[in-house]
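Please look over the structure below before reading on. A student's questions about it follow, with answers.

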Amino acid sequence: MAARRTDGMSGGLTARSAGGLISRPVRALRRLGARLADPARNGRVMAAGLAVATAGTSALALWLGLQVYEQRATEQRHQDILAAARQSALNFTSLDYRHYGRDSENVLKGATGDFKKQFTAQTAQLTKLVAKNKSVSKGQVLEAGITRADEDSARVLVVADSKVTNTAAPDGQARTYRLQLDLELKNGRWLTSGVEFVG
């Protein structure tokens, strides 16, 4: 009888131990099965994740695109400003008494505001002066740099050389000009509104 009791106790312990060991993986499998059995929920989670990722990527691409656009627009604006300033300085330092009317008109075409008014008011006097002295000035722009600029105004420093001949200097004199030009955007064109000699 002792032997049977022992066998019975042994068998009971074995069954309980085996049951405990088996129950853990079974529970894990049931949980996994429950998750796998709900594909709709998994699909919704995945779709939501993809939507968030797509929205984030689109926002980043839009931001980068705007940055590139603004940078290119700024670079193009600076190129336009410098080109206008260079041309204005060249016109201002290149005058010939033999066709002063044409040369002064070139200056006025690139001018606006106070500078245009002042130059227009002095044109008649300058025409007589250059004709009397037989003045010829051939300008050359050496350097130009923007000191400030926004969407519709700018300031540019220009260094220009010119060779001036007249009755007092028939062989010519070399002159260097340092000009400060203020420009304004008018009807899509950068025009000079002010000119100052700065050195």
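The questions deal with strands, a surface patch and one lysine.

Reader: What kind of model is this, and how are residues numbered?
Author: This is a predicted model, in which local features need pLDDT of at least 70 and side-chain atom pairs count only at pLDDT 80 or more, while totals for chains, interfaces and linings use all residues. Side-chain values use heavy atoms, without hydrogens and water, and residues are numbered from 1 along each chain as its sequence is written.

Reader: Which residue in E3 stands opposite Gln-140?
Author: Strands are DSSP runs of E with at least two residues, numbered from the N terminus, and two of them pair if DSSP finds at least two bridges between them. Strand E2 (residues 136-149) and strand E3 (residues 153-165) run antiparallel and are joined by 12 bridges. A hairpin of three residues links E2 to E3. Opposite Gln-140 in E3 is Asp-161.

Reader: What is the bridge partner of Val-158 in E4?
Author: E3 is also joined to strand E4 (residues 173-186) by 12 bridges, and the two run antiparallel. In E4, the partner of Val-158 is Leu-179.

Reader: Is Lys-186 buried or exposed?
Author: Lys-186 belongs to strand E4. Buried means under 20% relative accessible area, exposed over 50%, and partly exposed in between (1.4 Å probe, protein chains only). Lys-186 therefore counts as partly exposed, at 37%.

Reader: Which residues does Lys-186 contact, leaving aside neighbours within four places in sequence?
Author: Contact means heavy atoms within 4.5 Å. With those neighbours left aside, the residues in contact with Lys-186 are Thr-112 and Leu-191.

Note on methods:
Helix = DSSP H or I, 4+ residues; strand = E, 2+ residues; numbered from the N terminus.
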